[in-house]
Amino acid sequence: MSFEPEAIEAARKIFAGPVAFLKSAPALEFLPNAVVPEVAFAGRSNVGKSSLLNALTHRNSLARTSNTPGRTQELNFFDVGTPLAFRLVDMPGYGFAKAPKDIVRKWRFLVNDFLRGRDVLKRALVLIDSRHGIKDVDREILEMLDKAAVSYRMVLTKADKIKASDLAEVTEATAAEARKRPAAHPDILVTSSDTGLGIPELRAAVIEAIG
């Protein structure tokens, strides 16, 4: 799928405007009022989610990047636009190998309840490391999204880190997985926060999702 140049430019202008961290929510009672559309970002704890959010919003430090995967254990909300147009939601990274079981359980309850109960959530973007493709731990979040009937789209990250032939292969495998899933968007986005590959299209996909 390709976006029209007008859609790419409109999305660029929106993300070049005001974007600000709003709050972190460690539990549902701390969620901000559901007053505007939201697009959530999900991914394994080392998939490059923070770097992608920073690239998406033209910022260097909007989302905190860390050398310790799995530090984000809360839902982080970012306001876009003045007046407020929509929000981005940085969901807690999953798949952290050494996390205590109670932390993993808390993550599952928080994310599952958020996905099932957030009426303004228009789409989730599930980030997949292009070097590894879809893992079983990724399929768990896909299952959660399917069961919650939340529309989602898979986004390959770190595409600059592998050969073009390997990238084509993992893109096709990811698309094949998407075709099997009821809530998945059929088109896969391929990105690199380092080179900027696919970032304009990702911005346009966010704007498209909020309608």
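Helix α4 (residues 136-148) lies across β2, β5 and β6, and runs at about 165 degrees to β5. That is a good place to enter this model, which is predicted. Helix α4 also links two of those strands. Together, β5, α4 and β6 make a β-α-β unit, and the unit is right-handed.

Now step from the helix down to the sheet. Strands of a sheet pair through backbone hydrogen bonds, in a parallel or an antiparallel sense. Here seven strands form an open sheet with mixed pairing. Their order is β1-β3-β4-β2-β5-β6-β7. Strands β1 (19-25) and β7 (189-190) stand at the edges, where each has a single partner strand, so one side of each lacks a neighbour in the sheet.

Strand β5 spans residues 121-129. In the strand order, β5 sits between β2 and β6. On one side, β5 pairs with strand β2 (residues 38-43) in the parallel sense, over six bridges. Two of the bridge partners can be traced residue by residue. A42 is matched with V126 of β5, and G43 with L127 of β5. On the other side, β5 pairs with strand β6 (residues 152-157), again parallel and over six bridges. There the bridge partner of L125 is R153 in β6.

How much of β5 is covered? Eight of its nine residues are buried, so the strand counts as mostly covered under the cut-off of 20% relative accessible area. Two helices already named or about to be named lie over this part of the sheet. Helix α4 lies across β5 along with β2 and β6. Helix α6 (residues 199-210) lies across β2, β4, β5, β6 and β7, and runs at about 150 degrees to β5.

Helix α4 has a helical partner as well. Helix α3 (residues 101-117) packs with α4 at an angle of about 35 degrees, and their axes are 9 Å apart. The crossing of the two is right-handed. From α3, the contact is made by W107, R108, V111, N112, L115 and R116. From α4, the contributors are E140, I141, M144, L145, K147 and A148. The spacing of such residues has a simple background. An α-helix has 3.6 residues a turn, so residues three or four places apart point the same way.

Follow the chain past α4 and the loop to β6 begins. A149 lies in that loop. Its phi is near 60 degrees, a positive value in a residue other than glycine. A149 is exposed, because its relative accessible area is 65%, and exposed means over 50%.

Turn next to helix α2 (residues 49-56). Six of its eight residues are buried, so the rest of the structure largely encloses this helix. The buried residues are K49, S50, L52, L53, N54 and L56. What covers them includes α1 (5-16), β2, β4, β5, β6 and α6. Helix α2 is followed by H58, which belongs to the loop between α2 and β3. H58 is not a glycine, yet its phi is positive at about 60 degrees. At 41% relative accessibility, H58 counts as partly exposed.

The loop between β3 (75-80) and β4 holds P83. The peptide bond leading from T82 to P83 is cis, with omega near 0 degrees. Beyond that loop comes strand β4 (residues 86-90), which contains R87.

Is R87 buried or exposed? R87 is buried, because its relative accessible area is 7%, and buried means under 20%. Its side chain has polar partners. One is the side chain of D79, joined to that of R87 by a polar contact of 2.6 Å. Another is the backbone oxygen of N33, which the R87 side chain reaches at 3.0 Å. Setting aside neighbours within four places in sequence, the contacts of R87 include L22, P32, V35, V36 and P37. E38, V39, F77 and F78 are also among them.

One last residue takes the reader to another part of the model. A164 is found in helix α5 (residues 164-179). A164 is exposed, with a relative accessible area of 65%. In sequence, A164 and F77 are 87 residues apart. In space, their C-alpha atoms are 34 Å apart.

How values were computed: Residues are numbered from 1 along each chain as its sequence is written. This is a predicted model: local features need pLDDT of at least 70, side-chain atom pairs count only at pLDDT 80 or more; totals for chains, interfaces and linings use all residues. Side-chain values use heavy atoms; hydrogens and water are left out. Helices (H or I, at least four residues) and strands (E, at least two) are DSSP runs, numbered from the N terminus. Buried means under 20% relative accessible area, exposed over 50%, partly exposed in between (1.4 Å probe, protein chains only). A polar contact is a pair of N or O atoms within 3.5 Å; within protein, one must be able to donate a hydrogen and the other to accept it, and residues adjacent in sequence count only if both atoms are side-chain atoms. Contact means heavy atoms within 4.5 Å. Two strands pair if DSSP finds at least two bridges between them. A crossover is right-handed if, with the strands pointing away from the viewer, the path from the first strand over the helix to the second runs clockwise. Axes are lines fitted to C-alpha atoms, for helices over the stretch in contact, and angles run from 0 to 180 degrees between N-to-C directions. A crossing is left-handed if the near helix is turned anticlockwise from the far one by less than a right angle, and right-handed if clockwise.
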